[in-house]
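The paragraphs that follow walk through a structure element by element. Please keep the sequence and the coordinates at hand while reading.

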Amino acid sequence: MSLSNDQLRTVAHLARLELDEADVELYSGNLNDILAMVDQLNQADTADVTPMAHPLDMVQRLRRDQVTETDQRELFQSNAPDTERGLYRVPRVIE
Amino acid sequence: MSFHTLTVAGLADGLASGQFSSRELTQYFLDRIEQHDSALNSYITVTPEQALAAADAADQTRAAGDAGPLTGVPMAHKDIFCTKGVLTTCGSKMLGNFVAPYDATVVRQLAAAGVVMLGKTNMDEFAMGSSNETSYFGPVKNPWGVDAGLVPGGSSGGSVAAVAGGLAPFATGTDTGGSIRQPAALTNLTGLKPTYGRCSRYGMIAFASSLDQAGPITRTAEDAAIVLQAMAGFDPADSTSVDVPVPDYRAGLDAPLAGRKLGLPKEFLAEGLDDGTRAALEAALEIYRQQGAEIVEVSMPNMHLSVPTYYVVAPAEASSNLARYDGVRYGHRAEGVESLEALYKRSRGEGFGREVQRRIMVGTYVLSAGYYDAYYLKAQQVRQLIADDFSRAFEEVDAIIGPTTQGPAFALGEKTDDPVAMYLNDIYTIAANLAGLPALSMPAGLVDGKPVGVQLIGKAFDETGILNLAHQFQSLTDHHVARAEGF
């Protein structure tokens with residue numbers, strides 16, 4: 001399977017990555033090399049194999065529905081690039 | 001006194017007998033960092049004030065009679081672990097200004113054991129790399145070849161360079177596909193990746209959550225046992241932490257090896273393994289035979305598919321995990337954008353380096369509609385086949401032995417233009433991550449003056465067994481004692 005430059009631009013859009021147009025060729029070459037290596041997987045016969053969900057056959061643990069975290073909004077927002085009155089500021093979304 | 005040539009066990013003894021204080025030790029290592037780290041670039045952040053305060057507290061704890069084996073021992077954390085109030089970058093511009101608001105569980109547990117953190121070590125960006133060249137904070141030099149420009153391996157490159165360079169007695173690392181074992185092999189150290197779920201992942205910045213595991217980077221297996229003792233344990237805050245008792249790792253180190261069966265997968269000796277590394281492995285096998293262990297050839301027919309399996313599973317999980325970096329809540333934010341979508345795209349385009357972007361795109365592609373079955377599902381099936389190979393082998397043998405890498409450290413820049421060639425660095429280490437098994441690399445000698453390692457892979461939760469094997473090897477050999485010249 002080979003990936004075109006246009007497909008690469010679509011993948012970058014899905015991943016919300018802005019690429020320099022000059023890098024598109026490089027990245028699609030890289031991805032094609034990686035996918036060609038990955039194509040070795042087709043050598044394996046996996047007809048009756050259940051896909052692995054967890055290496056140790058574990059089940060999801062449950063916990064009581066109790067509040068265990070304290071409110072640390074100010075501490076957490078101290079890492080935010082732009083906040084106002086406890087809210088995160090972003091560019092206008094609704095016209 | 002040359003504190004940096006002592007092991008963790010040796011430092012613990014000296015502290016316990018009052019030969020020196022934690023403050024003296026801590027100041028000594030801070031001075032060594034000041035003196036030598038400009039050549040290695042092994043630290044991203046050094047925390048001298050905090051370290052000296054922790055050292056004084058440790059000395060008081062000891063005076064009060066409450067000291068444990070790690071009380072007052074200096075160390076360094078890989079910069080992937082959140083450390084409250086301290087810059088935590090994960091080697092990325094994206095987190096270049098991120099001050100963690102809480103401690104990772106592993107950090108908290110080691111602090112409770114009394115260690116003194118000297119600082120945070122350099123690493124490949126988001127732990128994606130095998131040479132430490134993808135770090136936003138510049139490459140790390142291998143103490144075994146500073147002038148030759150040798151890479152220290154990766155992604156825990158700063159941690160191994162700090163320990164091998166005598167800038168920390170031990171360090172933490174993380175291993176998703178070999179990121180503890182491969183760099184440990186290239187710098188003559190002992191590196192242990194525990195069983196998946198043995199150490200908490202809480203507060204450890206996520207790369208590929210079904211593979212990531214924290215572990216110790218030390219000079220000796222005995223030191224690894226001491227440090228793992230403090231790192232391991234059940235943590236309700238990590239949904240994949242496993243609730244099984246933590247044994248006394250040090251107590252198992254001296255068990256005799258007579259009758260032990262070690263499996264040597266013939267696939268590990270196929271093309272690609274360099275002659276010197278093969279010879280080092282064979283010498284190690286001979287030591288084990290002399291101790292009464294039996295070396296049995298085993299076959300792991302799907303082993304050769306571990307690299308392609310990994311390069312579907314790991315990027316898929318990474319693309320999902322790294323979706324959280326949006327330029328809104330924390331991390332890098334692009335300036336002067338007009339729309340929310342442009343804010344996301346430009347923040348991520350500017351904040352992530354090339355290798356991270358590559359893997360996010362591979363992951364996005366293999367998870368996208370129409371490709372999911374062909375790639376992701378297929379890889380999870382092959383992953384099961386690889387795990388089955390181990391289960392079959394472990395019906396016959398107690399542990400698996402093989403090389404850690406194909407050869408010794410390579411030069412900076414040698415593989416940066418060819419991602420696939422770089423990925424093959426982890427050809428022997430990835431399978432243990434895919435199967436969730438504990439695995440260790442230990443020093444096995446020098447090839448042209450450069451260290452190589454031998455790898456031991458154990459049954460799930462049998463860290464004791466592989467630490468015992470490594471410790472016995474180290475009590476009969478002196479490879480692990482060799483130090484890089486000038487350090």
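In chain B, the side chain of Thr174(B) makes a polar contact with the side chain of Lys78(B) at 2.7 Å, where a polar contact is a pair of N or O atoms within 3.5 Å, one of which, within protein, must be able to donate a hydrogen and the other to accept it, with residues adjacent in sequence counted only if both atoms are side-chain atoms. This is a predicted model, in which local features need pLDDT of at least 70 and side-chain atom pairs count only at pLDDT 80 or more, while totals for chains, interfaces and linings use all residues. Residues are numbered from 1 along each chain as its sequence is written, chains are lettered from A and ligands numbered from 1 in the order in which they are written, and side-chain values use heavy atoms, with hydrogens and water left out.

Thr174(B) has its place in strand β4 (residues 171-174) of chain B; helices (H or I, at least four residues) and strands (E, at least two) are DSSP runs, numbered from the N terminus. Thr174(B) is buried, with a relative accessible area of 1%, buried meaning under 20% relative accessible area, exposed over 50% and partly exposed in between, with a 1.4 Å probe and protein chains only. Leaving aside residues up to four places away in sequence, Thr174(B) touches, among others, Lys78(B), Ser155(B), Ser156(B), Met204(B) and Gln213(B), contact meaning heavy atoms within 4.5 Å.

One of these neighbours, Ser155(B), has its place in the loop between β3 (116-121) and α5 (157-164) of chain B, and the peptide bond that leads to Ser155(B) from Gly154(B) is cis, with omega near 10°. The loop between β3 and α5 also holds Phe126(B), whose phi is near 50°, a positive value in a residue other than glycine. Phe126(B) is buried, with a relative accessible area of 1%. A positive phi in a residue other than glycine is found for Asn188(B) too, near 65°; Asn188(B) lies in the loop between α6 and β5 (190-193) of chain B and is buried at a relative accessible area of 1%.

Helix α6 (residues 181-186) of chain B contains Ala185(B), which counts as buried at 1% relative accessibility. With residues up to four places away in sequence not counted, Ala185(B) touches Thr404(B), Thr405(B), Ser441(B), Pro451(B), Val452(B) and Gly453(B).

Elsewhere in chain B, helix α7 (residues 221-231) and helix α15 (residues 463-476) pack at an angle of about 150°, with their axes 8 Å apart; axes are lines fitted to C-alpha atoms, for helices over the stretch in contact, and angles run from 0 to 180 degrees between N-to-C directions. This angle makes α7(B) roughly antiparallel to α15(B), since angles under 35 degrees count as roughly parallel, over 145 as roughly antiparallel, 65 to 115 as roughly perpendicular and the rest as oblique. The residues of this contact divide into six nonpolar, two polar and two charged, where Ala, Val, Leu, Ile, Met, Phe, Trp, Tyr, Cys and Pro count as nonpolar, Asp, Glu, Lys and Arg as charged, and the others, Gly among them, as polar. From α7(B) the participants include Ala221(B) and Leu228(B), which belong to the set that meets residues of α15(B) such as Leu467(B) and His471(B). Eleven of the 14 residues of α15(B) are buried, so this helix is largely enclosed by the rest of the structure. Helix α7 is also among the elements that cover the buried residues of α1(B), together with α2 (22-40) and α3 (48-63) of chain B.

A second helix pair in chain B is formed by α11 (residues 354-367) and α12 (residues 372-396), whose axes come within 7 Å and cross at roughly 105°, which makes α11(B) roughly perpendicular to α12(B). Here Tyr365(B), Val366(B) and Leu367(B) in α11(B) meet Tyr372(B), Tyr375(B) and Tyr376(B) in α12(B), and the residues of the contact divide into six nonpolar, no polar and no charged.

Both α11 and α12 of chain B also belong to what covers the buried residues of α2(A), a cover that includes α1 (5-14) of chain A as well. The buried residues of α2(A) include Val24(A), Tyr27(A), Leu31(A) and Leu35(A). Val11(A), found in helix α1 of chain A, is buried, with a relative accessible area of 5%, and touches Met361(B), Thr364(B) and Tyr365(B), not counting residues up to four places away in sequence.
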